[in-house]
Amino acid sequence: MSTLTDVCRGLPIDPLPPVQSRDHTVPHAPVRNTRLDSEERKLSLQNALRYFPPQCHNEIAPEFARELLDYGHIYMYRFRPALPMRAYPIEEYPAKCRQAAAIMHMIMNNLDPAVAQFPHELVTYGNNGQVLSNWAQFWLVMYYLAEMTEEQTLVMYSGHPLGLFPSSPSAPRLVITNGMVIPNFSSKEEYDRMFAMGVTMYGQMTAGSYCYIGPQGIVHGTTITVMNAGRKYLGLGDLRGKVFVSSGLGGMSGAQAKAATIVGCIGVIAEVNPSALRKRHAQGWLMEWSTDLDEIIDRIKRAKREVQPLSIGYQGNIVDLWEKLVWEYKATGELLVELGSDQTSLHDPFGGGYYPVQLSFEDSQAMIRDDPMRFKELVEESLRRQVSAINILSDVGMHFWDYGNGFLKEAGKANAAVYRGGKKNGPFSYPSYVEDILGDIFSLGFGPFRWVCTSGCAADLQVTDNIALSVMETIKKRGMSDLARQQYEDNVKWIQEASSHKLVVGSQARILYSNEEGRRTIAQEFNKAIANGKIRGPIVLSRDHHDVSGTDSPFRETANITDGSKFCADMAIQNVIGGAFRGATWVAIHNGGGTGWGDVINGGFGLVLDGSDEAEQRANAFLSWDVLNGVARRSWSGNAKARETICAAMADNQGLAVTVPHEVHDPKLLDQAFAMLN
């Protein structure tokens with residue numbers, strides 16, 4: 001077994017490590033479609049070999065070529081470290097500055113087998129959300145971070161460490177870009193080719209920015225979503241005895257079963273990958289599972305009678321589950337599901353993100369490799385069947401929403417009946433969860449704020465929970481809108497119950513939804529607790545990219561932007577630029593994430609609190625910008641709640657001056673203006 005010091009010494013080439021075959025005790029990424037011709041295959045190999053001196057090439061070139069042909073990408077399995085991947089306490093990292101050590105802590109957490117979906121392919125979640133592109137990059141990144149001083153910045157190009165460049169102590173220590181492709185070449189086909197060649201990478205959201213905290217992050221978001229869906233669609237604050245059906249127990253989708261029991265309903269989640277389902281069951285996040293649909297139906301009925309919070313996993317295809325629910329309704333007249341969604345990785349529908357009902361899990365993986373065009377046809381047919389079943393149940397009272405995974409978009413491309421009134425490329429029949437359930441939360445400045453205790457101590461996390469709870473209780477006593485108060489009340493309850501739900505997987509981390517005032521105040525109190533020794537080590541502040549300002553995504557985060565600008569990405573780009581000079585320790589900007597390559601631009605950050613006055617100043621400046629940028633954009637688009645929020649912020653901050661839109665009071669004026677020209 002190697003040590004952290006060994007891992008930080010640089011790429012091991014003298015001697016080369018022994019060949020490692022694939023370890024079949026862990027799940028592996030699907031074979032990737034390369035779309036390469038013979039010249040491009042040679043270029044891919046050349047690109048991989050440039051990490052190594054020529055004396056190594058004869059030995060590793062055939063090995064890398066075999067990986068490209070067999071798996072569609074050169075991962076460099078030989079160089080996978082022997083050291084167990086996990087978030088080690090920050091003091092154990094051999095770094096010259098604390099900020100660099102904190103980044104190491106976060107990277108290794110993203111590659112922890114308990115956290116990562118396909119750890120040996122460096123995929124954290126979402127089927128293809130890469131931390132890095134290959135293992136040579138891991139060794140180089142760790143080496144650079146170990147050598148980094150507070151007057152250097154590490155630059156990352158889609159997984160490739162370009163190098164350390166001179167900067168200043170106030171500059172970010174790390175700047176990450178993932179998938180920044182010229183727009184006219186930002187297609188799925190071009191992505192497959194460029195990823196195979198090792199020149200770009202899909203970082204999802206928090207995978208490629210090193211800020212993933214395990215499924216806890218999406219547990220909170222799913223909990224809030226299902227809770228608010230119950231309020232909106234069913235008029236209920238208590239969801240006991242109600243059934244929520246969805247799919248996916250892998251990366252982020254693995255949170256659905258846990259979220260269902262937290263809100264008190266019956267969650268029934270389908271998963272085709274046996275190892276993913278059993279991983280969640282072993283972690284205690286999934287209470288029961290079965291491969292028998294009749295057993296699933298009987299268990300749903302019993303749980304409804306007993307009004308019992310329960311999570312049930314169906315090891316099988318989601319289409320079979322939906323069709324069984326339809327059959328049960330037609331046979332008995334009993335609608336067994338009130339709420340429904342989908343969290344398959346449909347941003348990557350033909351690369352293993354979605355498995356068609358006509359094939360087994362194993363046969364699907366083989367067909368992805370051997371007959372990708374036929375696989376695509378089966379996926380589209382499966383989507384049409386899935387939508388047909390959902391439509392039947394929705395017509396008799398079930399409420400379904402798109403969870404921002406590209407379900408409706410891909411179903412529409414497959415000619416499924418997802419368009420309102422049957423009008424092709426018109427409005428979808430079902431809402432996006434952001435648009436219909438959470439949209440006004442972003443307009444108020446609330447979104448997923450998270451932190452990591454780099455000491456690795458559970459006691460530190462408990463201290464932070466207590467601090468966050470105290471801050472929110474204090475803010476909640478002040479005057480605010482009913483919607484804002486509801487958010488604080490939901491998140492107070494979340495933190496009060498967090499420990500009992502055993503949410504930590506990997507690093508000692510927590511998430512909650514908060515607005516600008518809450519985030520700044522919590523950060524200030526954390527920093528004070530570090531300074532006076534109540535917290536033993538630095539804290540990394542971060543958030544999901546899925547937030548107020550971080551993401552321009554017309555099918556999700558910005559779906560409720562109505563001024564025609566929802567396809568514009570100025571907000572996300574400005575956010576990462578502005579964050580870089582307002583105190584972030586690192587910043588990242590990605591193409592893709594959530595709804596898919598070419599459909600979204602999103603960014604994230606990490607900010608290290610170390611108890612210093614400078615850290616507090618950084619946090620105040622950065623967190624204010626990180627929220628208010630998006631609120632201002634939403635206000636300008638015409639959102640009344642965002643306008644109210646940004647005006648209140650300007651009243652509290654003399655340095656803030658935002659352009660506020662004037663309303664057109666009489667819409668008839670718009671028609672009249674053009675009529676006058678005729």
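Biologist: Hi! Let's start with α11 and α13: which residues meet there?
Modeller: On the α11 side they are Ile318, Val319, Asp320, Trp322, Glu323, Leu325, Val326, Tyr329 and Lys330. Their counterparts in α13 are Ser382, Arg385, Gln386, Ala389, Ile390, Ile392 and Leu393. Keep in mind that this is a predicted model.

Biologist: Noted. How do the residues of that contact divide into nonpolar, polar and charged?
Modeller: The contact of α11 with α13 has 10 nonpolar residues, 2 polar ones and 4 charged ones.

Biologist: And at what angle do the axes of α11 and α13 cross?
Modeller: Roughly 35 degrees, and the axes come within 9 Å. As for handedness, α11 passes α13 in a left-handed crossing.

Biologist: Which strands does α11 lie across?
Modeller: Helix α11, residues 318–332, lies across β6 (243–247), β7 (266–271), β9, β10 (339–340) and β11. Relative to β6, α11 runs at about 150 degrees.

Biologist: Let's look at the sheet, then. In what order do the 6 strands of the open sheet come?
Modeller: The order is β8-β9-β7-β6-β10-β11, and the pairing is parallel.

Biologist: Which strands stand at the edges?
Modeller: Those are β8 (288–290) and β11 (399–400). Each has a single partner strand, so one side of each is left without a neighbour in the sheet.

Biologist: How many bridges pair β8 with β9?
Modeller: There are 3 bridges between β8 and β9 (residues 310–315), in the parallel sense. To find the register, look at Ser290, whose bridge partner in β9 is Tyr314.

Biologist: Switching topic: do β3 and β4 run parallel or antiparallel?
Modeller: Antiparallel, with 6 bridges joining β3 (residues 152–157) to β4 (residues 160–166). Within that pair, Thr153 stands opposite Phe165 in β4.

Biologist: How many residues lie between β3 and β4 in the hairpin?
Modeller: There are 2 residues between them, and Ser158 in that turn has a positive phi of about 45 degrees.

Biologist: What about β3 and β5, parallel or antiparallel?
Modeller: Parallel this time: 4 bridges join β3 to β5, which spans residues 174–178. Val155 has Val175 as its bridge partner in β5. So β3 is joined to β4 on antiparallel terms and to β5 on parallel terms.

Biologist: Back to helices. At what angle do α7 and α17 pack?
Modeller: About 130 degrees, with 12 Å between the axes of α7 (residues 216–234) and α17 (residues 482–498). The two helices are therefore oblique to each other. In handedness, α7 passes α17 in a right-handed crossing.

Biologist: Which residues meet there?
Modeller: Val219, His220, Thr223, Ile224, Met227, Asn228 and Arg231 in α7 meet Gln486, Asp490, Asn491 and Trp494 in α17. By class, that contact of α7 with α17 has 4 nonpolar, 5 polar and 2 charged residues.

Biologist: And how are α18 and α20 packed, at what angle?
Modeller: Helix α18 (residues 516–531) and helix α20 (residues 613–636) pack at about 165 degrees, and their axes are 9 Å apart. They are therefore roughly antiparallel to each other. Their crossing is right-handed.

Biologist: Which residues of α18 and α20 meet?
Modeller: Glu516, Arg519, Arg520, Ala523, Gln524 and Asn527 come from α18. From α20 there are Ala615, Glu616, Ala619, Asn620, Leu623, Ser624, Asp626, Val627 and Leu628. By class, the contact of α18 with α20 has 6 nonpolar, 4 polar and 5 charged residues.

Biologist: Quick one on aromatics: how many aromatic pairs does the structure hold?
Modeller: It holds 24 of them. One of these pairs is Tyr191 with Phe195, which is stacked at 5.7 Å centre to centre, with 15 degrees between the planes. Both residues lie in helix α6 (residues 188–196), 4 residues apart, about one turn of the helix.

Biologist: Last thing, the backbone. Is the bond from Asp14 to Pro15 cis or trans?
Modeller: The peptide bond from Asp14 to Pro15 is cis, with omega near 5 degrees. Pro15 is in the loop between α1 (4–7) and α2 (38–49). Most peptide bonds are trans, and most residues other than glycine have a negative phi.

Biologist: And Arg35, is its phi positive or negative?
Modeller: Positive, about 55 degrees, although Arg35 is not a glycine. You'll find Arg35 in the loop between α1 and α2.

Note on methods:
Residues numbered from 1 in each chain as written. Predicted model: local features only at pLDDT ≥ 70, side-chain atom pairs only at ≥ 80, totals over all residues. Heavy atoms only, no water. Axes fitted to C-alpha atoms, helices over the stretch in contact; angles between N-to-C directions. Parallel < 35°, antiparallel > 145°, perpendicular 65-115°, else oblique. Left-handed = near helix turned anticlockwise from the far one by under 90°. Contact = heavy atoms within 4.5 Å. Nonpolar A, V, L, I, M, F, W, Y, C, P; charged D, E, K, R; others polar. Pairing = 2+ DSSP bridges. Phe/Tyr/Trp six-rings, centres within 6.5 Å; stacked < 30°, edge-to-face > 60°.
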